[in-house]
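Here are a few friendly notes to read alongside the model. Take them one at a time, and find each residue on screen as you go.

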Amino acid sequence: MKKYKCKCGGIIEQGRCLVEDFLVSCMKCNKCEERLFTPDQTKELIRLRDANKVVEGERKIIKVGSSIAALLPKKINNYGIEAGLIDTVRILSKNSLEIQFKKEIVK
Ligand SMILES: [Zn+2]
């Protein structure tokens with residue numbers, strides 16, 4: 001991956017940025033707050049925004065045996081999400097979880 005120099009003297013490298021509450025690939029300076037987006041990274045944000053329209057909303061948590069499960073909308077199947085695909089679950093913030101899948105669900 002090509003590295004670029006920032007006007008502050010830092011190095012701009014590929015990383016991950018929080019944009020509109022989406023975690024996306026970006027180019028960021030290792031010294032200042034400078035953030036840049038390649039055309040592909042911009043497309044990634046647009047695809048995530050579109051995919052989120054399908055998922056975002058109030059969902060129910062149900063009891064399944066000794067576990068609990070979050071009910072997701074059926075339309076999420078279009079993104080290849082199915083039973084058994086989850087890789088890891090972790091706390092993301094004071095009131096959110098991150099559910100990470102083994103494969104990319106938004107391409
Ligand atoms: Zn900089």
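1. Let us begin with a word used throughout: a residue is called buried when its relative accessible area is under 20%, exposed when that area is over 50%, and partly exposed in between. By that rule, C17 and C26 are both buried. Please keep in mind that you are looking at a predicted model.

2. Stay with those two cysteines for a moment. How many disulfides does a search of the whole structure find? The search finds one, and the disulfide joins C17 to C26, with an S to S distance of 1.9 Å. In general, a disulfide is a covalent bond between the sulfur atoms of two cysteines. The link of C17 and C26 is right-handed, with 65° about the S-S bond.

3. Two further cysteines deserve a look. C6 has a relative accessibility of 7%, so C6 counts as buried. C29 has a relative accessibility of 6%, so C29 counts as buried too.

4. Both C6 and C29 turn up again around I12, as they are among the residues that I12 touches. I12 lies in strand β2, which covers residues 11-19. Is I12 buried or exposed? I12 is buried, because its relative accessible area is 4%, under the 20% limit. Leaving out residues up to four places away in sequence, the contacts of I12 are K3, Y4, K5, C6, M27, K28, C29, E34 and L36. One of these partners, M27, is 15 residues from I12 along the chain, yet the C-alpha atoms of I12 and M27 are separated by 6.0 Å.

5. Next, find Q41 in helix α1, residues 39-55. With a relative accessibility of 5%, Q41 falls under the 20% limit and therefore counts as buried. Which residues does Q41 contact, once neighbours within four places in sequence are left aside? They are Q14, S25, C26, M27 and L36. You have met C26 already, as one end of the disulfide.

6. Now for charged side chains. The whole structure holds six salt bridges. One of them pairs E34 with K7, where the closest N and O atoms are 3.6 Å apart. This pair links distant parts of the chain: E34 sits in the loop between β3 (22-29) and β4 (35-36), K7 sits in the loop between β1 (4-5) and β2, and the two are 27 residues apart. The partners fall into separate classes: E34 is partly exposed because its relative accessible area is 23%, while K7 is exposed because its value is 76%.

7. Another salt bridge joins the side chains of E20 and R49, at 2.9 Å from N to O. Here too the pair links distant parts of the chain, with E20 in the loop between β2 and β3, R49 in helix α1, and their positions 29 residues apart. E20 has a relative accessibility of 47%, so E20 counts as partly exposed. R49, at 33%, likewise counts as partly exposed.

8. R90 and E98 also meet through their side chains in a salt bridge, at 2.7 Å from N to O. E98 belongs to strand β8, residues 96-101. Why does E98 count as buried? Its relative accessibility is 18%, which is under the 20% limit, so E98 counts as buried. R90 is partly exposed, because its relative accessible area is 46%. Besides R90, E98 touches T88, V89 and L92, not counting residues up to four places away in sequence.

9. Finally, step back to the chain as a whole. The domain assignment gives domain 1 (1-56) and domain 2 (58-107). Seven residues from domain 1 and seven residues from domain 2 take part in the contact. Taken over C-alpha atoms, the centres of the two domains are 24 Å apart.

10. What do domain 1 and domain 2 bury between them? The area is about 640 Å², with 67% of it on carbon and sulfur atoms. On the domain 1 side, R47, V54 and V55 supply 65% of the area buried against domain 2, more than any other three residues. Across this interface there are zero salt bridges, and the count of residue pairs in polar contact is one, with both residues at pLDDT 80 or more.

Methods:
Residues numbered from 1 in each chain as written. Predicted model: local features only at pLDDT ≥ 70, side-chain atom pairs only at ≥ 80, totals over all residues. Heavy atoms only, no water. Helix = DSSP H or I, 4+ residues; strand = E, 2+ residues; numbered from the N terminus. Contact = heavy atoms within 4.5 Å. Disulfide = S-S within 2.5 Å. Buried < 20%, exposed > 50% of the residue type's maximum accessible area, 1.4 Å probe, protein only. Domains from an automatic or database assignment. Buried area = accessible area lost by both parts, 1.4 Å probe. Salt bridge = Lys/Arg side-chain N within 4 Å of Asp/Glu carboxyl O. Polar contact = N/O pair within 3.5 Å; in protein donor to acceptor, adjacent residues only side chain to side chain.
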